[in-house]
Amino acid sequence: MKIWKVLSPGVLAEEEKPESIQTPTQAKVKVTRLLLSPAEVRVFDGSAGVAYPVVPGRFAVGVVSETGEGCLSVEKNTRVYIRDVAPCGRCEQCVTGRPENCTHLVAAGEGRDGALRDFLVADESVLSPLPPSVPDDKALFIGIVSMCEAVVDGLNAAKGMHIAVFGADAVGTLLCQLLIYRQAVPILIDADEELLKRAQGCGVYYTVKADEGLEEHVARITGGRMAAGSVYTSYCPVPPETAFATTAAGGTVVYTGLGFPPVSVPMKAAQDKRLTLTTISNDYSNCAAAINLLVNNAVDPAPLIAAHRPAAEIADALAEGAKLRKEGGRVPCTVIDLL
Ligand SMILES: [Zn+2]
């Protein structure tokens, strides 16, 4: 089996490694498509702070090619989403038989090896069969939609509620779509007008350019009440405490995203407004809900894909993403075709 491994920041190597089914509930999966998101580029360029060597690739889909005799939920040729986060197996919740409540979920491609390989052997519990109405390109976003679902839950987002969302990358845009589906009113904020324009094309009505007039602009949209909650997505080019200013007194601020750089916020500003601050970085429980949302077209990730590239261009795609990041650009989502 072919594996792509980041040996150290900026160094990608290809490796051949035999791997076969070891337990009755494992299955072998031909990885067909993989999402190269900004998170993979950060693993590659060294800014994600992961331990090396590591196989990148958090979000992937594939087709089961072989199953252990104990597999119940998958069979040969089942198309699956390879779940991006898994329980740690070591925390108190995990060892007492409640992995769904794991306190230290581990993301593929960061805390453990990811899916950037041609074949993968995994327990069937991390393989989610895909309905025919969810094509591969959409299925690649199941993990992000699942995380967004957890954010919406954390906000107690209700009908008509204004939510300020910082960052118009994939996470922020999908979150806005989900909030609209739940009849809340997202206000998407970013410094990049091109990304805001793309979000408008995805059905996000209120978009605001982050500048000096931001607070007044949000006040106008909310009739002076400000947003009931704000969500700050990681690596958004706006200071993280800006989310305090857009939130009404007593509101909630959620920090979320695929990994988080070391940031600090002035706590007094949050205390003065009695804000509740919380963080959500992944989700294990909403995978089936996320698939349902995609089946119902509640969210549409298709416009977020900038390009499709063959496996032969993996190294180029990562290097180009790293260069773009270095120049201060925003890395788009690319789909790698491994067939
Ligand atoms: Zn655990």
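Where along the chain is glutamine 183 found, in terms of the loop that holds it? Glutamine 183 sits in the loop between α5 and β11, and there's more on that residue further down. A word on ground rules: this is a predicted model, so local features need pLDDT of at least 70 and side-chain atom pairs count only at pLDDT 80 or more, while totals for chains, interfaces and linings use all residues. Residues are numbered from 1 along each chain as its sequence is written, and side-chain values use heavy atoms, with hydrogens and water left out.

**Domains**

- The protein splits into domain 1 (2-140 + 301-337) and domain 2 (144-280), with bounds that come from an automatic or database domain assignment.
- Taken over C-alpha atoms, the centres of domain 1 and domain 2 are 28 Å apart.
- Domain 1 puts 12 residues into the contact and domain 2 puts in 15 residues, where contact means heavy atoms within 4.5 Å.

**The largest pocket**

- The largest pocket holds about 430 Å³ of space. On a 1 Å grid over the protein atoms alone, a pocket is an open set of points with protein on both sides within 12 Å along at least five of seven lines, a cavity is a set where a 1.4 Å probe fits but cannot get out, and lining residues have an atom within 4 Å of a point. Grid points are joined across faces, edges and corners, and a volume is the space filled by probe spheres set on the points.
- The largest pocket is lined by 23 residues, and the closest to its centre are Pro38, Arg42, Asp169, Arg330 and Val331.
- Domain 1 and domain 2 both give residues to this lining, so the largest pocket lies between them.
- At least two lining residues each come from α1 (38-45), α5 (170-181) and α6 (193-201), and α1 supplies the largest share, three residues. Helices (H or I, at least four residues) and strands (E, at least two) are DSSP runs, numbered from the N terminus.
- The lining of the largest pocket breaks down into 12 nonpolar, six polar and five charged residues. Here Ala, Val, Leu, Ile, Met, Phe, Trp, Tyr, Cys and Pro count as nonpolar, Asp, Glu, Lys and Arg as charged, and the others, Gly among them, as polar.

**The second largest pocket**

- The second largest pocket comes in at about 300 Å³, and of its 19 lining residues the closest to the centre are Arg112, Asp113, Leu120, Val121 and Ala122.
- Strand β8 (residues 119-123) gives the largest share of that lining, four residues.
- By class, the second largest pocket is lined by nine nonpolar, two polar and eight charged residues.

**The cavity**

- Searching the whole structure turns up one cavity of 30 Å³ or more, and the largest cavity has about 40 Å³ of space.
- Its lining is made up of Tyr81, Arg83, Asp84, Val85, Ile142, Gly143, Ser146, Asp283, Tyr284 and Cys287.
- Helix α4 (residues 142-155) provides the largest share of the cavity lining, three residues.
- Five nonpolar, two polar and three charged residues make up that lining.

**Two helices and what covers them**

- Seven of the eight residues of α1 are buried, where buried means under 20% relative accessible area, exposed over 50%, and partly exposed in between (1.4 Å probe, protein chains only).
- The buried set in α1 is Pro38, Ala39, Glu40, Val41, Arg42, Val43 and Phe44, and their cover includes β1 (2-8), β2 (11-16), β3 (26-36), α11 (314-326) and β17 (333-337).
- Right after α1, glycine 46 has a positive phi of about 95°.
- In helix α7 (residues 214-221), the buried residues are Leu214, Val218 and Ile221. They cover an arc of only 60° around the axis, which puts them on the same side of α7; that arc is of the directions from the helix axis to the C-beta atoms.
- The buried residues of α7 pack against β10 (162-166), β11 (185-190), β12 (206-209), β13 (227-233) and α8 (242-246).
- Glycine 223 follows α7, with a positive phi near 65°.

**Backbone oddities**

- Back to glutamine 183: its phi is positive, about 65°, although it is not a glycine, and the residue is partly exposed, with a relative accessible area of 47%.
- Arginine 274, also not a glycine, has a positive phi of about 50°. Its place is in the loop between α9 (267-272) and β15 (276-280), and at 58% relative accessibility arginine 274 counts as exposed.
- From tyrosine 52 to proline 53 the peptide bond is cis, with omega near 0°, and proline 53 is in the loop between α1 and β4 (59-67).
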